[in-house]
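User: Please take a close look at one part of this structure, the site where the ligand is held, and describe its surroundings in a connected way.

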Amino acid sequence: MRIGILTGGGDCPGLNAVIRAVSRSSFIRGYEMVAVREGWRGLVEGKLAPLGPSDVSGILPRGGTILGTSRTNPYGVEGGLESLLNTFSEAGLDALVAIGGEDTLGVAAKLHAEHAFPVVGVPKTIDNDLSGTDYTFGFDTALSVATEAIDRLHTTAESHNRVMVVEVMGRHTGWIAAMSGIAGGADVILVPEEPETVESACERLVRRHEQGKDFSIVVVSEGYELLFASGERRLVGTKAAASDQFGHVRLGGVGQELAVEIEARTGYETRVTVLGHVQRGGTPTAHDRVLATRFGLKAATLVHERTFGRMAALQGNEIVDVALEEATRELKRVPQAILDAARALA
Ligand code: F6P
């Protein structure tokens, strides 16, 4: 078989570990690998290159992706779909492994449903918001970075009697915020799934300070809409970048606006740290390397068996496969049990 492989969407720790696992297990089966450069753009624009054993050597601990990535949507480019299908058949490819989140795998699901396209998916995203899998790879690394940041920010919060607001990524779900907030012992955790008002969050901070704690840590997810008792809601972000053909709002900035509100309402000195792309960068944790490797091995097996339209997934401790359509139908939000745990000790 001749197998293409691509990575789409935001870069994510563990992408290279998947590429290595898919490639090595396919080489062992006597198959050939082809690098599809920069996500779906590679098939739309014909950016392909051979991928040999030496290309995937030594990449297990490396962050980013050796294939490059983009937010190109073939359905959003004129003639994109036709070019993609032509490139695929002219290159003599028998199968494609698409490593990505809801956007990249949404395209894979559509291609499979509408054109019986021979594709297998691998669930990637630091946001952990893909359905059908308990965890995506990359999430554990982002969670570890955010937790370490919260630990470090405690130092300044305590020393200066400040409120420290930490803004984390996660797009429209609060997985990173909820889990790092629990792990770091945050005092207030604000996520899209549980719309608490700014007034209520401030009341909790005041109560805590009245009980003798004169510092606090607030973790806010970038997708939390500032909500006021008046009913006003405010999602903080800017227009989608032209390069994002999936049309996402570029989130970011809620931490700063929240800090202004907290300081104005409580009188406590309030500072902000935005973790941004630090959460996505650098080497994957051991957990993510193992998960990415297991996903990669599963994806290679699915290709070998010609079981297309499926995505490797983690359920419990088992690696299984689920329909791409099921995985991309709706976002996986933080369940109530985790939201309750986040509230229990705050
Ligand atoms: O989906 C991963 C993610 O890091 C989100 O948490 C974030 O909103 C988005 O990507 C940022 O994307 P970009 O790097 O394109 O601005």
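**The ligand site**

Analyst: In this predicted model, an oxygen atom of the ligand is placed 3.2 Å from a polar backbone atom of glycine 170. Side chains make polar contacts with the ligand as well: a polar side-chain atom of glutamate 222 lies 2.5 Å from an oxygen atom of the ligand, and a polar side-chain atom of arginine 280 is found 2.8 Å from an oxygen atom of the ligand. Taken alone, the ligand would expose 400 Å², of which the protein buries 81%.

The surrounding shell consists of Arg71, Ile126, Asp127, Met169, Gly170, Arg171, Glu222, His277 and Arg280, and by residue class these divide into five charged, two polar and two nonpolar. Both domain 1 (2-138 + 284-328) and domain 2 (142-280) contribute residues to this shell, so the ligand lies between the two domains.

As for the open space in the protein, the ligand takes up the largest pocket. Enclosed space is a separate matter: a search of the whole structure finds one cavity of 30 Å³ or more, and about 60 Å³ of space lies in the largest cavity. The residues lining that cavity include Ala178, Asp187, Val188, Ile189, Val191, Glu194 and Arg204, together with Leu339, Ala342, Arg343 and Ala346.

Methods:
Residues are numbered from 1 along each chain as its sequence is written. This is a predicted model: local features need pLDDT of at least 70, side-chain atom pairs count only at pLDDT 80 or more; totals for chains, interfaces and linings use all residues. Side-chain values use heavy atoms; hydrogens and water are left out. A residue is near a molecule or strand if one of its heavy atoms lies within 4 Å of it. A polar contact is a pair of N or O atoms within 3.5 Å; within protein, one must be able to donate a hydrogen and the other to accept it, and residues adjacent in sequence count only if both atoms are side-chain atoms. Accessible areas come from the Shrake-Rupley method with a 1.4 Å probe; for residues, only the protein chains shown count as cover. On a 1 Å grid over the protein atoms alone, a cavity is a set of points where a 1.4 Å probe fits but cannot get out, and a pocket is an open set with protein on both sides within 12 Å along at least five of seven lines; lining residues have an atom within 4 Å of a point. A molecule sits in a cavity or pocket if more than half of its atoms lie within 2 Å of its grid points. Ala, Val, Leu, Ile, Met, Phe, Trp, Tyr, Cys and Pro count as nonpolar, Asp, Glu, Lys and Arg as charged, and the others, Gly among them, as polar. Domain bounds come from an automatic or database domain assignment. Grid points are joined across faces, edges and corners, and a volume is the space filled by probe spheres set on the points.
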